[in-house]
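This report looks at aromatic rings and the nonpolar core in the structure shown below.

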Amino acid sequence: MSAQQRIEHLHSFRGVAIITIVAAHAWSFAIFWTGQLDDSLEWVFAVTEMLFHGSTLFFAIISGLLFTQVLHRKPWSHFYRQKLTKVVLPYIVMSAVMTAMYWQYVSADNPDANMLHVYLNSLLVGKASIQYWYIPVLVVLFALTPLFQWLLNKLSTQPRGIVVAFALTLLPLIITRSPFPDFIKPQTFVYFSGAYLLGMIIGSHYKATLTLIKRYQLPILAIVVISSLALVYGYLVDTWSYGFFSLRESLYYLQKCLLALLILHWLHGWHQPSHQQSNQTPKQLARRQAKPKTKRLLSLCADHAFAIYFIHVVPMGWLIGLAWQTLADHRSPWLIVSFGLASLTLSITLSIVISRIIRLLFKQHSSKLIGA
């Protein structure tokens, strides 16, 4: 998003989203790329998954929200040209890079594999790197955006139309995303379409939505806490799933969508213009003034969000490779927790460094390579 188009608190939300997405990998990779889920690590896995799994829903919500707040004023040609340049082209390039980087492992498992065939198949289903599955989903959401926009326009002119639209956003509570490792299945597109449409609805009625969140933030927070506790419990005792339905993923949808509302409310408060701060208490003003570093961090991560998304698994793999023997031999919860935090921090840092180097080398064309 250009500086002219930027809405600062929404930009910060993008920063929150990419940090939580990387965090979703930091601890799970530290556990499963170095061994098995030992009994001593169950709580670490349950808590970190509860906190960070499903954070891609934040990306879907912010994409829908930004469309109705900013991009819907632009011609469709502008919308699709931007998505082609900053999402699809980098995906094509980075999938080729990842296919080449990991080819030694692919060819070791299947000596007869054809690199071009593997690459094209990876593009279709997002398997060039473990996190790329979301890009084909996002491309479908972009393709459906005119239909969603027409639906919102149509429903807004009819009684109870918004109720129908919200009902569609609740469909993922019944039809949930497919589990690892086969992320790309029909129900996954339904799941993220609900979040994307929710973002569009929020953006279409943004001031009213923020007012409602402020009024009901305590009940919303209570539901987030209850669903979070239920998720931890579900990991410890396993949760029920059948066909297109997974209770765990249904809880994640509820938790992450409501948490997104709270984050939007809190970030909006952080970014209030100075002339609106006169009604704030001294404690609130001091708290806001004490957070410029957090704002800068979120803005930095947001500036490089897609680059971090495309790149972060590579430095994360390097770090795990360096610490592999220690993590495999000493599977202490505190060691995994500490390493996961270090992996999160260093992976984001190295991804930003790589992104900045590519920006320096390729200037304005860098967005076509890494999305930033």
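## Aromatic pairs and the core

F67 is buried, with a relative accessible area of 1%, where buried means under 20% relative accessible area, exposed over 50% and partly exposed in between (1.4 Å probe, protein chains only). W76, at 36% relative accessibility, counts as partly exposed. This is a predicted model, in which local features need pLDDT (the predictor's confidence in each residue, from 0 to 100) of at least 70, side-chain atom pairs count only at pLDDT 80 or more, and totals for chains, interfaces and linings use all residues. Residues are numbered from 1 along each chain as its sequence is written, and side-chain values use heavy atoms, with hydrogens and water left out.

Across the whole structure, 26 aromatic pairs are found; rings of Phe, Tyr and Trp (its six-membered ring) pair if their centres lie within 6.5 Å, and planes under 30 degrees apart count as stacked, over 60 as edge-to-face and the rest as tilted. F45 and Y235 form one edge-to-face pair, and because F45 lies in helix α2 (residues 42-52) and Y235 in helix α10 (residues 206-237), the pair ties together parts that are 190 residues apart in sequence. Both F45 and Y235 are buried.

| Pair | Centre to centre | Angle between planes | Class |
|---|---|---|---|
| F45 and Y235 | 5.5 Å | 85° | edge-to-face |
| F67 and W76 | 5.5 Å | 20° | stacked |

The largest nonpolar core (buried Ala, Val, Leu, Ile, Met, Phe, Trp, Tyr and Cys residues joined through side-chain atoms within 4.5 Å) has 106 residues, of which F13, F59, Y134, F192 and F310 touch the most other members.

Methods:
Helices (H or I, at least four residues) and strands (E, at least two) are DSSP runs, numbered from the N terminus.
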